[in-house]
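Welcome, and please have your viewer ready. We will walk through this structure one selection at a time.

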Amino acid sequence: MKKLLFAGSLLCIGGLSTISQAADLNSVAQLTSKISAHINQLQQADYIQFVNTEFQVQPRSLRHVYVQARTNSAHINLLRIINGLPIKDMSPLELKAWNEADIENILNAQMESLDELNVVYNIKSKPDELMTVDGSTDSIYVALLKIEQQLKSLGLPGQEPGDSYQYATLLLSIVKQIAKHQKVLLPRPNTEVEKDKRPNDNYLYALSVAAELQYYQTEYLKKDIPGGVAVPDPKDGKATSDDTIAVLKTIIADLVALKIAVGDKAPLVIPEVDSNRTPADVYKQLVFAYDIIFAMEDAAAEAS
């Protein structure tokens, strides 16, 4: 059974450095810019040109920034493995309203990891800053997406359906927990999903799950979470497993916020799965999650 490092970014990898009590979005923005510059030094050592990719994203909340920061930690850890360094900073995903200090803690750990990678790459000069990141959640989130692209350019393997399955399984697990807390009877899993599914099918269905969760939150649950449930705009062209995972991470962050909003204090149940999965397996998990959300809507409608 293969443990998924990319999925581990969300489930296990965080920072164990001392948390600064004075952390704020401006300090997070400064750290984000420094990390980008450090990674650019690694790119230069591998003769890779920095490409400042433009991302058009909807407004994001602090929880989305936190989840993306954890994802980047996984990429850095994979880069460490490739270069003969051990994985660092393992900690479980906690049920809490993540704040600026939590994010800064992760970024400080990333800086320490990058310093060690600089030794492997024989980099001794100080980096020049490449990105101007203002102290807003939107700007920091976009900068973290750009950093993810920088890291991927260093030869990291692409994500596959098995990686998507880990995220989809965590998503389903949290939906089940919320339904249980709301005393909603779970529907039977749909076992008749076609086997000829592709990553693009998973991507589109993930968007449907996000939209249905948003509808449940606004029309039935009526519990406010900062920024509300995000529904990403569909991308042009066919989507990949990377695109699917990007949507699933957003949904998971919102589900954690909803779990807190409904008063469910039970720890997150994080299933262990293997990576030998197909797009159809991912699709089944998403269909089941959608059906549970729909069942929660029905229960809420009957109770009103």
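What follows is a short tour of a predicted model, with a few stops and something to look at in each.

**Stop one: the largest pocket**

Begin by selecting Phe55, Val57, Leu145, Asp243 and Ala246, the lining residues that lie nearest the centre of the largest pocket. The lining has 25 residues in total, and the pocket's volume is about 590 Å³. Now colour helix H5 (137–152) and helix H8 (241–261), the elements that each give two or more residues to this lining. Which of them gives the most? That is H8, with 7 residues. If you colour the lining by residue type, you should find 10 nonpolar, 6 polar and 9 charged residues.

**Stop two: the start of H8**

Stay with helix H8 and select Ser241, which lies in it. Is Ser241 buried or exposed? Its relative accessibility is 6%, so Ser241 counts as buried. Show its surroundings and, leaving out residues up to four places away in sequence, you will see that Ser241 touches Gln159, Glu160, Pro161, Ser164 and Pro199. Next, draw a distance line from the C-alpha atom of Ser241 to that of Ile147: the two are separated by 18 Å, and along the chain they are 94 residues apart.

**Stop three: a group of tyrosines**

Now for the aromatic rings. How many aromatic pairs does the model have? The count comes to 4. For one of these, select Tyr205 and Tyr290: their ring centres are 5.7 Å apart and their planes meet at 65 degrees, so the pair is edge-to-face, the cut-off for that being over 60 degrees. Tyr205 belongs to helix H7 (residues 199–221) and Tyr290 to helix H9 (residues 279–303), so this pair ties together parts that are 85 residues apart in sequence.

Switch on the surface to look at the two partners. Tyr205 has 16% relative accessibility and therefore counts as buried. Tyr290, at 22%, counts as partly exposed; the line between buried and partly exposed is drawn at 20%. Add Tyr283 to your selection, and you have a cluster in which ring pairs link Tyr205, Tyr283 and Tyr290. Then show Lys197, which lies over the face of Tyr283 at 4.3 Å from the ring centre.

**Stop four: a histidine in H2**

Move on to helix H2 (residues 25–45) and select His38, which has its place there. With 9% relative accessibility, His38 counts as buried. What is His38 in contact with, leaving aside its neighbours within four places in sequence? Display Met111, Leu114, Asp115, Asn118 and Pro127, and you have the answer.

**Stop five: two positive phi angles**

The last stop is about the backbone. Most residues other than glycine have a negative phi. Here are two residues to set against that background.

First, select Tyr47, in the loop between H2 and helix H3 (62–82). Phi of Tyr47 is positive, near 60 degrees. On the surface view, Tyr47 has 81% relative accessibility, so this residue counts as exposed.

Then go to the loop between H7 and H8, where Lys222 lies. Lys222 is not a glycine either, yet its phi is positive, at about 55 degrees. Its relative accessibility is 59%, so Lys222 counts as exposed.

Terms used: Residues numbered from 1 in each chain as written. Predicted model: local features only at pLDDT ≥ 70, side-chain atom pairs only at ≥ 80, totals over all residues. Heavy atoms only, no water. 1 Å grid on protein atoms, 1.4 Å probe; cavity = no way out; pocket = protein on both sides within 12 Å on 5 of 7 lines; lining within 4 Å. Points joined across faces, edges and corners; volume = space filled by probe spheres on them. Helix = DSSP H or I, 4+ residues; strand = E, 2+ residues; numbered from the N terminus. Nonpolar A, V, L, I, M, F, W, Y, C, P; charged D, E, K, R; others polar. Phe/Tyr/Trp six-rings, centres within 6.5 Å; stacked < 30°, edge-to-face > 60°. Buried < 20%, exposed > 50% of the residue type's maximum accessible area, 1.4 Å probe, protein only. Lys NZ or Arg CZ within 6 Å of the ring centre and 35° of its normal. Contact = heavy atoms within 4.5 Å.
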